[in-house]
Amino acid sequence: MNICGGALRPILFLSVLTGSGFAQVSLNVSQPIDSQSYSSPVPVTASASSPAGISGWEIYVDSKLAFKNTDTSGNLDTTVSTTAGGHTFVIKAWDNSGANTAATETITVVSGPSVTLVSPSDGE
């Protein structure tokens, strides 16, 4: 637990030897959190860094590409809509040398609350 009461999240490092030398992409996913429940759309928040600079992001839901961009800021803050049930999210960051790393989060998406109008009824 951290000082705010939240769970500590490990940072995943992947080292790749490329034609231009040794590149390392680090990725920290803040949301979604593995084994947690969310409503759709699911928030996805992450940060990544690399000596070569970040060149883009991909999010896969159950092995299907659900989101892709070429944001070079190293920060991802988006949402992904999906159906209720269990899902596997893979968040992947790419750097300018072609190296990438990914984190896998298995979550449950719950149906949102339903609203029933009880007053006024028809004719009132």
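## A buried acid and its partner

Glu58 is buried, with a relative accessible area of 8%. In this predicted model, Glu58 forms a salt bridge with Lys68. Their closest N and O atoms are 3.7 Å apart. Glu58 belongs to strand 5 and Lys68 to strand 6 (residues 64-69), so the bridge ties together parts that are ten residues apart in sequence.

Lys68 is exposed, at 57% relative accessible area. The pair therefore joins a buried acid, under the 20% cut-off, to a base over the 50% mark for exposed residues. How many salt bridges does the structure hold? The count is one.

## Overall build

The protein has nine strands and zero helices. Read from the N terminus, the order of elements is β-β-β-β-β-β-β-β-β.

The chain has 124 residues, and 30% of them count as buried. The exposed surface comes to about 7,400 Å². Carbon and sulfur atoms supply 54% of that area. Sequence-distant contacts feature as well. Take the contacts between residues at least 6 apart in sequence: 53% of these join residues at least 24 apart.

## The nonpolar core

In soluble globular proteins, nonpolar side chains tend to be buried together. Here, the largest nonpolar core has 22 residues. Which residues have the most contacts inside this core? They are Leu27, Trp57, Ile59, Leu76, Phe89 and Ile91.

Several strands feed the core. Strand 2, strand 4 (42-49) and strand 5 (54-61) each supply at least two residues. So do strand 7 (75-80), strand 8 (85-95) and strand 9 (100-110).

## Leu27

Leu27 sits in strand 2, which covers residues 21-31. Is Leu27 buried or exposed? Its relative accessibility is 3%, so Leu27 counts as buried, being under the 20% cut-off.

Leu27 also illustrates a long step in sequence. Ala102 is 75 residues away along the chain. In space, the C-alpha atoms of Leu27 and Ala102 are 7.3 Å apart.

## Phe89

Phe89 is another of the core residues listed with the most contacts. Which residues does Phe89 contact, leaving aside neighbours within four places in sequence? On the lower-numbered side are Pro32, Val42, Val44, Ile59, Tyr60, Val61, Val80 and Thr82. On the higher-numbered side are Ala103, Thr104, Glu105 and Ile107.

Ile59 appears in this contact set and is itself named among the core residues with the most contacts.

Methods: Residues are numbered from 1 along each chain as its sequence is written. This is a predicted model: local features need pLDDT of at least 70, side-chain atom pairs count only at pLDDT 80 or more; totals for chains, interfaces and linings use all residues. Side-chain values use heavy atoms; hydrogens and water are left out. Helices (H or I, at least four residues) and strands (E, at least two) are DSSP runs, numbered from the N terminus. Buried means under 20% relative accessible area, exposed over 50%, partly exposed in between (1.4 Å probe, protein chains only). Contact means heavy atoms within 4.5 Å. Accessible areas come from the Shrake-Rupley method with a 1.4 Å probe; for residues, only the protein chains shown count as cover. A nonpolar core is a set of buried Ala, Val, Leu, Ile, Met, Phe, Trp, Tyr and Cys residues joined through side-chain atoms within 4.5 Å. A salt bridge is a side-chain nitrogen of Lys or Arg within 4 Å of a carboxyl oxygen of Asp or Glu.
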